[in-house]
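Student: I'd like to learn how to read a model like this one, feature by feature. Could you walk me through it?
Tutor: Sure, let's put it on screen and start with the backbone.

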Amino acid sequence: MVDEHLSVGPAGPTFHGQTLEQHLLAMQRKASGATGDFTGLFQQLSLAAKIIASQVSKAGLANILGLTGQVNVQGEEVQKLDIFANNTIVRCVQQGGHVCVMGSEEIAEPIPVPPQYPKGKYVLQFDPLDGSGNIDINASIGTIFSIHRRKTAGNGPGTLEDCLQPGDDIVAAGYVIYGSSNMFVYSAGEGVHGFTFDPAIGEFFLSHENLRIPKRGDCYSVNEGNRHKWEDGVQRWADWIKKPDGERKAYKLRYIGAMVADFHRTLLRGGIFAYPADRKNTSGKLRLLYEASPLAFVCEQAGGAASDGARRIMEIQPTELHQRTPLYIGSPEDVADAVRFVGG
Ligand code: AHM
Ligand code: MG
């Protein structure tokens, strides 16, 4: 079957469907009372994603060009890619005037909008380059983000209170995956839509409309090197899932070690991604506000589920900016199975 968004010309396949911006504008037209603020914020985010993608694709050249030291050929300090990604998002978004405060994995405190820029009604939280340990081995990495409405009154600077909001109050969330192709996947509460970057044109084009996660998959994704630290329930779940049980076949193990990539596969193919708590790290490793909650929002919007083993990730009221949480996310039946083992 020919995909209506894909045509094959002399130079090979080219996407020429709806762009991310056109998709957002169409959504804005449907929403009564929309001011364009939201679309404006996404424009800044997609610009940041393009700049980061371009830099990520050159990461391996650093060695060849002799840029691995502290100083590059122009005599400028070379930034680590995750700091570069952080600064790119902050600079693009703060100028837009759509947010009042931001929160980032890279920065200890909430990031204020400088006085010269107007403050908007949204709060952006993000992990600028998740899985950055994968940069050196040329495996996929990603950016994760969530958007809330501000909670504090007025038009002044936002505060920590604006950042500490549960997943259930997210208005939009998504991720960008920098991989064999670059994709921007988001939900604004009306399904999940994926856009693939066409580097020849410099735009994200709609390629995966209304993504739905299968009810059950055949893959589990977890760092089993941590098994010795897991509580009994988690160990029993991992033992159970890798063996056939009646009609059910043994699950395959897939683990890249970059959550965006592991989650993206889980979303498309079904199955479960988990980062459990363990005896040493009783809240697990992943961060609630800019890793677990945004992906939980996307996953639920696609018909999936996300739990910390006892409750929906989306219900958790954060008390700290960099709070951690255990995470079980993916196909609803696979998450329910894990919760059965882990929760009791
Ligand atoms: P990071 O934000 O420092 O990159 O850490 C988060 C990453 C996730 O992308 C990934 O799922 C996990 O850490 C891998 O951790 P581990 O190496 O313990 O398996
Ligand atoms: Mg991360």
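Student: Okay, where is the place of N138?
Tutor: N138 sits in the loop between strand 5 and strand 6 (141-149). Keep in mind that this is a predicted model. The backbone angle to look at here is phi: for N138 it is near 60°, a positive value in a residue other than glycine.

Student: And is N138 buried or exposed?
Tutor: Exposed counts as over 50% relative accessible area. N138 has 72% relative accessibility, so it counts as exposed.

Student: What is phi for N210, and where does that residue lie?
Tutor: N210 has a positive phi of about 50°, although it is not a glycine. Its place is the loop between strand 10 (203-208) and strand 11 (219-221). With 43% relative accessibility, N210 counts as partly exposed.

Student: Which residue with a positive phi follows helix 7?
Tutor: That one is G270, and its phi is near 90°. Helix 7 (residues 259-269) is itself mostly covered, with 9 of its 11 residues buried.

Student: Which residues of helix 7 are buried?
Tutor: The buried ones are M259, V260, A261, D262, F263, H264, R265, T266 and L267. Charged side chains such as D262 and R265 are on that list too.

Student: Let's move to the ligands. Which residues come nearest to ligand 1?
Tutor: Start with the shell, then look at individual atom pairs. There are 15 residues around ligand 1, and D130, N223, Y255, M259 and Y275 come nearest. By class, the shell divides into 6 nonpolar, 4 polar and 5 charged residues.

Student: What lies 2.5 Å from an oxygen atom of ligand 1?
Tutor: A polar side-chain atom of Y255 does. For G131 the partner is in the backbone: one of its N or O atoms lies 2.8 Å from an oxygen atom of ligand 1. E105 uses its side chain, where an N or O atom is 3.1 Å from an oxygen atom of the ligand.

Student: How much of the accessible area of ligand 1 does the protein cover?
Tutor: On its own, ligand 1 has 480 Å² of accessible area, and the protein covers 78% of that. Two elements give two or more residues to the shell: strand 5 (122-130) and strand 13 (272-275).

Student: Why does ligand 1 lie between domain 1 and domain 2?
Tutor: Check which domains supply the shell. Domain 1 (20-208) and domain 2 (219-342) both give residues to the shell, so ligand 1 lies between them.

Student: Now the metal. Which residues coordinate the magnesium ion (ligand 2)?
Tutor: For a metal, list the donor atoms and their distances. Here E105 (OE), D127 (OD), D130 (OD) and E291 (OE) coordinate the magnesium ion, at 1.8 to 2.7 Å.

Student: How are the donor residues of the magnesium ion spaced in sequence?
Tutor: The pattern is E-x21-D-x2-D-x160-E. One pair, E105 and D130, links distant parts of the chain: E105 is in the loop between strand 3 (99-104) and strand 4 (111-112), D130 is in strand 5, and they are 25 residues apart. Their C-alpha atoms are separated by 9.0 Å.

Student: Are E105 and D130 buried or exposed?
Tutor: E105 is partly exposed, with a relative accessible area of 29%. D130 is buried, at 7%.

Student: What about residues apart in sequence, say P294 and S146: how far apart are they in space?
Tutor: Compare separation along the chain with the C-alpha distance. P294 and S146 are 148 residues apart in sequence and 5.3 Å apart in space, C-alpha to C-alpha. P294 lies in helix 8 (residues 288-301), and at 0% relative accessibility it counts as buried.

Student: Where is A85, and how far is its C-alpha atom from that of A48?
Tutor: A85 is in helix 4 (residues 81-96). Its C-alpha atom and that of A48 are separated by 7.9 Å, with their positions 37 residues apart along the chain counted as the spacing. A85 is buried, with a relative accessible area of 0%.

Notes. Residues are numbered from 1 along each chain as its sequence is written. Chains are lettered from A and ligands numbered from 1 in the order in which they are written. This is a predicted model: local features need pLDDT of at least 70, side-chain atom pairs count only at pLDDT 80 or more; totals for chains, interfaces and linings use all residues. Side-chain values use heavy atoms; hydrogens and water are left out. A residue is near a molecule or strand if one of its heavy atoms lies within 4 Å of it. A polar contact is a pair of N or O atoms within 3.5 Å; within protein, one must be able to donate a hydrogen and the other to accept it, and residues adjacent in sequence count only if both atoms are side-chain atoms. Accessible areas come from the Shrake-Rupley method with a 1.4 Å probe; for residues, only the protein chains shown count as cover. Helices (H or I, at least four residues) and strands (E, at least two) are DSSP runs, numbered from the N terminus. Domain bounds come from an automatic or database domain assignment. Donors are N, O and S atoms within 2.8 Å of the metal (3.2 Å for Na, K and Ca); water is not among the atoms, so sites may look incomplete. Buried means under 20% relative accessible area, exposed over 50%, partly exposed in between (1.4 Å probe, protein chains only).
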